[in-house]
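Open the structure in your viewer and keep the selection tool at hand. The tour goes stop by stop.

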Amino acid sequence: MKIKTKYIDLETMSNYIKEVGVESIMEKLIPYLEEDYGNWEDFAKIPRPTHHSPVGVNELMPVGNQETFTCKYVNGHPDNPKDNLLTVVAIGLLAEVSSGYPLLLCEMTLLTAIRTATNSVMAAKYLAKENPKKMALIGNGCQSDFQAIAFHKLLGIEEINCYDVDEAATDRLISNLSKYKNLKVVKCNSTKEACKGVDIITTVTADKKFSIILTKDMIEPGMHINCVGGDCPGKTELESDILFMGDVYVEFEPQSRIEGEIQHMADDFKVTEIAEVIKSQKRIDRKEDDITIFDSVGFALEDFSILRLIYQLAKDNNIGTEEVLVPLIDNPKDLYSLIK
């Protein structure tokens, strides 16, 4: 007998997503995210271990409950595109808690982009005003396509104002979104122009520094701000004054205090973990002019949710291969027998 692990490489994953549509994966992921956030107390949670260098960050993102453990390796290197490399790449593992044996090993570069965008929409579903139609998308790199598709297909956004300091990135994004005939995509000349009159602002920039992408004067009553790019120490996107304009929601507060927009705020600055909202199973009670801020740095629970989903899809649809990655031997105390 051999213990086999389901293995899904990049080509297999991308072909499957192309076949079923990225929107289908996002739609299936929402209930997984809501279920896992709804069971927040069942998980052993820690801020992700990180290794920082002058050019980027390497991270591990572990989380688990009594049945399943997952861990993702992921990086963030903003200057990589200069060498024709992606800013973010990732690999994920799902394991059985009862034995410790791995059940799934798979690519997670695509899956990270999908789960990040889907998590943004899940939060907006509970935090933003009802029936939002117009969004600003600031930062038009790799994650922007997934954010745009998720907000259009899952939340009903009909118009997106796009801005990036790299004009070619915006042109690429608009080209990729052209197949969505019911989505109007507008190229803007500045962040301020893109944010005027929208219901939701999503910021997803890559520079690893304290940036001010949004300023207080760009924020209008009733807006929901989805901050995705501030995801490591020393990296932000918002002017601090914005955080006092409305209620701030985070994923896992101990991690957000280190990496999020709130990293430079006082310890007593009030935030609410999004799990508290998800557990209620209803939208927050907000007035028309209320401002909400989702300080999203990306948390391991989101990887847990999409790895659970992909493992189920892989079993149901025979996706990937089965590989022998760990030994099963006649005498489990004689590992040396494998090489004797």
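Buried means under 20% relative accessible area, exposed over 50%, and partly exposed in between, with a 1.4 Å probe and protein chains only. The model is predicted: local features need pLDDT of at least 70, side-chain atom pairs count only at pLDDT 80 or more, and totals for chains, interfaces and linings use all residues. Residues are numbered from 1 along each chain as its sequence is written, and side-chain values use heavy atoms, with hydrogens and water left out.

**Stop 1: two loop asparagines**

Select N131. Its relative accessibility is 61%, so N131 counts as exposed. N131 sits in the loop between α3 (109-127) and β7 (134-138). Helices (H or I, at least four residues) and strands (E, at least two) are DSSP runs, numbered from the N terminus. Now check the backbone: N131 has a positive phi of about 55 degrees, although it is not a glycine. Most residues other than glycine have a negative phi.

Next, select N84. Find it in the loop between β4 (68-76) and β5 (90-96). Its phi is also positive, near 60 degrees. Is N84 buried or exposed? N84 is exposed, with a relative accessible area of 72%.

**Stop 2: the sheet**

Color the strands. An open sheet of 8 strands runs in the order β9-β8-β7-β10-β12-β16-β14-β15, with parallel pairing. Two strands pair if DSSP finds at least two bridges between them. At the edges are β9 (184-187) and β15 (272-273), each paired on one side only.

Zoom in on β14 (residues 247-250) and β16 (residues 292-295). These two strands pair in the parallel sense over 4 bridges. Pick V250: opposite it stands D295 in β16.

**Stop 3: helices on the sheet**

Show α3. This helix packs on the sheet and touches β10 (200-203), β12 (224-227), β14 and β16. Contact means heavy atoms within 4.5 Å. The direction of α3 makes about 155 degrees with that of β16. Axes are lines fitted to C-alpha atoms, for helices over the stretch in contact, and angles run from 0 to 180 degrees between N-to-C directions.

Show α4 as well. Which strands does α4 touch? They are β7, β8 (159-163), β10 and β12. The direction of α4 makes about 170 degrees with that of β7.

**Stop 4: inside α4**

Stay on α4. Of its 14 residues, 11 are buried, so α4 is largely enclosed by the rest of the structure. Among the buried ones are F146, I149, F151 and L155. Finish at G156, just after α4, where phi is positive at about 85 degrees.
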